[in-house]
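Visitor: I have a model open and would like to learn how to read it. Could you walk me through a few features?

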Amino acid sequence: MFASPKTRRLATAVLILGILSLGLVCLAALNSARENARLAGCISNVQSIGLACATYAKSHSGALPHKLDDLKEVFAPTEWFICPSAKNRAHYSYEFTGATNIWGVSSNIVILREIEPNHHGVRVVLYDDGQSAVVHGLP
């Protein structure tokens, strides 16, 4: 009627392995959700930088800044210049591409991009019309 000690040990081992497997699946899902939240924060940073670029351009005859530090006159929080997923937080995560120096010329010119692909091989970019996007590869 009762299971032998050998059967109970086997059942316990199977139960422990099942619990460990479930824990690993939950951990992977949690890490994925955490990275998605960081990507959303990065997109928000880039959109905020886009608003600062528009403000800067209004007060500089349509000209874009040459570097992120130029935005400090219209955009105080420099922590938004660093991606939440950046491994090196000592340097800014974004850079101007130099593709154009005038704001609002075209909607398909990338004016700002992430320096490193911090999100599993994708980068967040800012277009000249203020739109941001997630792109694969180097824009």
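Guide: Gladly! Keep in mind that this is a predicted model. Let's begin with burial along a helix.

Visitor: Which residues of H1 are buried?

Guide: Burial here means under 20% relative accessible area. In H1, the buried residues are Glu35, Leu39, Cys42, Asn45, Val46, Ser48, Ile49, Gly50, Ala52, Cys53, Tyr56 and Ala57.

Visitor: And what covers the buried residues of H1?

Guide: The cover includes S1, S2, S3 and strand S4, which runs over residues 132–136.

Visitor: How many residues does the largest nonpolar core have?

Guide: A core of this kind joins buried nonpolar residues through side-chain atoms within 4.5 Å. The largest one here has 22 residues, and Ile49, Leu68, Leu71, Tyr94 and Leu112 have the most contacts inside it. At least two residues each come from H1, S1 (94–96), S2 (110–114) and S3 (122–127). H1 gives the most, with seven residues.

Visitor: Leaving aside sequence neighbours within four places, what is Leu68 in contact with?

Guide: Leu68 touches Ile49, Phe81, Tyr92, Tyr94, Phe96 and Leu112.

Visitor: How can I check the length of H1 against what it should span?

Guide: Take 1.5 Å times one less than the number of residues. H1 has 55 residues, so the expected span is 81 Å, and its end C-alpha atoms agree, being 81 Å apart. Just after H1, Ser61 has a positive phi of about 55°.

Visitor: Where is there a nonpolar patch on the surface?

Guide: Look at Ile16, Leu17 and Leu20, which together have about 300 Å² of accessible area. Leu20 lies in H1, which covers residues 5–59.

Terms used. Residues numbered from 1 in each chain as written. Predicted model: local features only at pLDDT ≥ 70, side-chain atom pairs only at ≥ 80, totals over all residues. Heavy atoms only, no water. Patch = residues over 30% accessible without salt bridge, like charges linked within 9 Å, V, L, I, M, F, W, Y side chains within 5 Å. Areas by Shrake-Rupley, 256 points an atom, 1.4 Å probe, with all protein chains shown as cover. Salt bridge = Lys/Arg side-chain N within 4 Å of Asp/Glu carboxyl O. Helix = DSSP H or I, 4+ residues; strand = E, 2+ residues; numbered from the N terminus. Buried < 20%, exposed > 50% of the residue type's maximum accessible area, 1.4 Å probe, protein only. Contact = heavy atoms within 4.5 Å.
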